[in-house]
Amino acid sequence: MRSWYGYLVRAEAAQRNPFDGMELPKVRSKVARHLTGGQLQAMLSHAPAFDDACTAIRRGTPTGA
């Protein structure tokens, strides 16, 4: 809402931003989530098939051939 009213003030569609001076709540930063070793291995095990499919699409050949 604060950004919207800021836009309206700049566009001269509103005289003032009612949110100016309002204190924003503190937002806790999120802890970065990482893949486990097993999840990474599972993801990478699909890479050759994905690469083969992309190559086949680029060449215009059916996948699995």
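## Aromatic pair, arginine and a nonpolar patch

The structure holds 2 aromatic pairs. One of them joins Tyr5 and Phe19, and the geometry is tilted: the ring centres sit 5.7 Å apart, with 55° between the planes. Tyr5 belongs to helix H1 while Phe19 sits in the loop between H1 and H2, so this pair ties together parts of the chain that are 14 residues apart in sequence. Tyr5 isn't hidden away by the pairing, either: with a relative accessible area of 26%, Tyr5 is partly exposed, as the cut-off for buried is under 20%.

Keep in mind as you look around that this is a predicted model. The chain averages a pLDDT of 83, and 94% of the residues score at least 70. Helix H1 (residues 2-10) is where confidence is highest, at a mean of 89. At the other end of the scale is helix H3 (residues 47-59), where confidence is lowest, at a mean of 77. As a rule of thumb, where pLDDT is low, predicted coordinates shouldn't be read in detail.

Now back to H1, and to Arg2, which is in that helix. What does Arg2 touch, once its neighbours within four places in sequence are left aside? The contacts are Asn17, Phe19, Met22 and Leu24. Phe19 is thus a shared partner: Arg2 is in contact with Phe19, and Phe19 also forms the tilted pair with Tyr5. For a sense of spacing here, take the C-alpha atoms of Arg2 and Arg16: these two residues are 14 apart along the chain, and 11 Å separates them in space. Arg2 itself is partly exposed, at a relative accessible area of 33%.

Next, follow the loop between H1 and H2 along to Leu35, which is also placed there. Leu35 and Phe19 are 16 residues apart in sequence, yet their C-alpha atoms are 40 Å apart in space. So which residues does Leu35 touch, not counting those up to four places away in sequence? Leu40 and Met43. Leu40 lies in helix H2 (residues 37-45), so the contact runs from the loop to the helix.

That brings us to the surface. Leu35, Leu40, Met43 and Leu44 make up a nonpolar patch there, with about 370 Å² of accessible area together. Leu40 counts as partly exposed, at 35% relative accessibility. That value fits with Leu40 being in the patch, because patch residues need over 30% relative accessible area.

Terms used: Residues are numbered from 1 along each chain as its sequence is written. This is a predicted model: local features need pLDDT of at least 70, side-chain atom pairs count only at pLDDT 80 or more; totals for chains, interfaces and linings use all residues. Side-chain values use heavy atoms; hydrogens and water are left out. Patches are made of residues with over 30% relative accessible area and no salt bridge: like charges are joined within 9 Å, nonpolar side chains (Val, Leu, Ile, Met, Phe, Trp, Tyr) within 5 Å. Accessible areas come from the Shrake-Rupley method with a 1.4 Å probe; for residues, only the protein chains shown count as cover. A salt bridge is a side-chain nitrogen of Lys or Arg within 4 Å of a carboxyl oxygen of Asp or Glu. Helices (H or I, at least four residues) and strands (E, at least two) are DSSP runs, numbered from the N terminus. Buried means under 20% relative accessible area, exposed over 50%, partly exposed in between (1.4 Å probe, protein chains only). pLDDT is the predictor's confidence in each residue, from 0 to 100. Rings of Phe, Tyr and Trp (its six-membered ring) pair if their centres lie within 6.5 Å; planes under 30 degrees apart count as stacked, over 60 as edge-to-face and the rest as tilted. Contact means heavy atoms within 4.5 Å.
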